[in-house]
Amino acid sequence: MSMAVASMSRISDVCLLVEDIERTVAFYVDKLGFRLRRRAEGFADFHGEGVTLAAWEIDHIGQHAGVSKLRSPRHAHKVCVAVQLDAPDEIDRLHAELTAKGVPFYGPPENYVWNARCAYFTDPDDTLWELYAWLDGGPGDYHDEQP
């Protein structure tokens, strides 16, 4: 019997594969305000609500878990970590706060056609992040439509 991964259990961790764990820890703690939970050789994870964010050095995971060390082109995003905020004005507030700390955004917050106000930035390993809040009316029901 086949079972979709998503139906087996909730996603508990997102692990970013990074080039330099020290640089990653400094960015997530000093600039984004995450609290470090665990730190080991080539690995760190952070306290979070619902999902644990972890970072693992590419060379370390390759060495210890047998995962291929082949890398995709640096500017090809392979993951987008989305963070939902409660209100659209929080996007603007956080964008201003993080920009002042040197976090590289792609541009100012904007309202998008999917009825959300969003802003996008990258971490030192070019992982794409999205800050979003639903506009009046929320996400609508298009997420529930079946093909």
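Student: What makes both faces of β7 count as covered in this model?

Tutor: Look at the two sides of the strand in turn. This is a predicted model, and in it Ala-116, Cys-118, Tyr-120 and Thr-122 on one side of β7 are all buried. On the other side, Arg-117, Ala-119 and Phe-121 are buried too. Buried means under 20% relative accessible area. With 7 of its 7 residues buried, β7 (residues 116–122) is mostly covered.

Student: How do you know that β6 and β7 pair?

Tutor: Two strands pair if there are at least two bridges between them. Strand β6 (residues 110–112) and β7 are joined by 3 bridges, therefore they pair, and the two strands run antiparallel. You can follow this residue by residue: Tyr-112 stands opposite Ala-116, and Glu-110 stands opposite Cys-118. The hairpin of β6 and β7 has 3 residues between the strands, and Asn-115 takes a positive phi near 70° there.

Student: What makes β7 and β8 a pair?

Tutor: Use the cut-off of at least two bridges again. Between β7 and strand β8 (residues 128–134) there are 7 bridges, in the antiparallel sense, so these strands pair as well. Thr-122 stands opposite Leu-128 in β8. In the hairpin of β7 and β8, 5 residues lie between the strands, and Asp-126 has a positive phi near 70°.

Student: Why are β5 and β6 called edge strands?

Tutor: Start with the order of the open sheet, whose 4 strands run β5-β8-β7-β6 with mixed pairing. β5 (80–84) and β6 each pair on one side only, and these are the edge strands. Neighbouring strands of this sheet are turned by 35° against each other on average, direction ignored.

Student: Now the largest pocket: how do you know where it lies?

Tutor: Check which domains supply its lining. Domain 1 (1–70) and domain 2 (73–146) both give residues to the lining, so the largest pocket lies between them. Its volume is about 620 Å³. The lining has 25 residues, of which Phe-34, Gly-48, Glu-49, Val-83 and Trp-129 lie nearest the centre of the pocket.

Student: Which elements supply at least two residues of that lining?

Tutor: They are β4 (52–57), β5, α4 (88–100) and β8. The largest share, 4 residues, comes from β5.

Student: How do the lining residues divide into nonpolar, polar and charged?

Tutor: There are 15 nonpolar, 5 polar and 5 charged residues in the lining of the largest pocket. Trp counts as nonpolar, Glu as charged and Gly as polar.

Methods:
Residues are numbered from 1 along each chain as its sequence is written. This is a predicted model: local features need pLDDT of at least 70, side-chain atom pairs count only at pLDDT 80 or more; totals for chains, interfaces and linings use all residues. Side-chain values use heavy atoms; hydrogens and water are left out. Buried means under 20% relative accessible area, exposed over 50%, partly exposed in between (1.4 Å probe, protein chains only). Axes are lines fitted to C-alpha atoms, for helices over the stretch in contact, and angles run from 0 to 180 degrees between N-to-C directions. On a 1 Å grid over the protein atoms alone, a cavity is a set of points where a 1.4 Å probe fits but cannot get out, and a pocket is an open set with protein on both sides within 12 Å along at least five of seven lines; lining residues have an atom within 4 Å of a point. Grid points are joined across faces, edges and corners, and a volume is the space filled by probe spheres set on the points. Domain bounds come from an automatic or database domain assignment.
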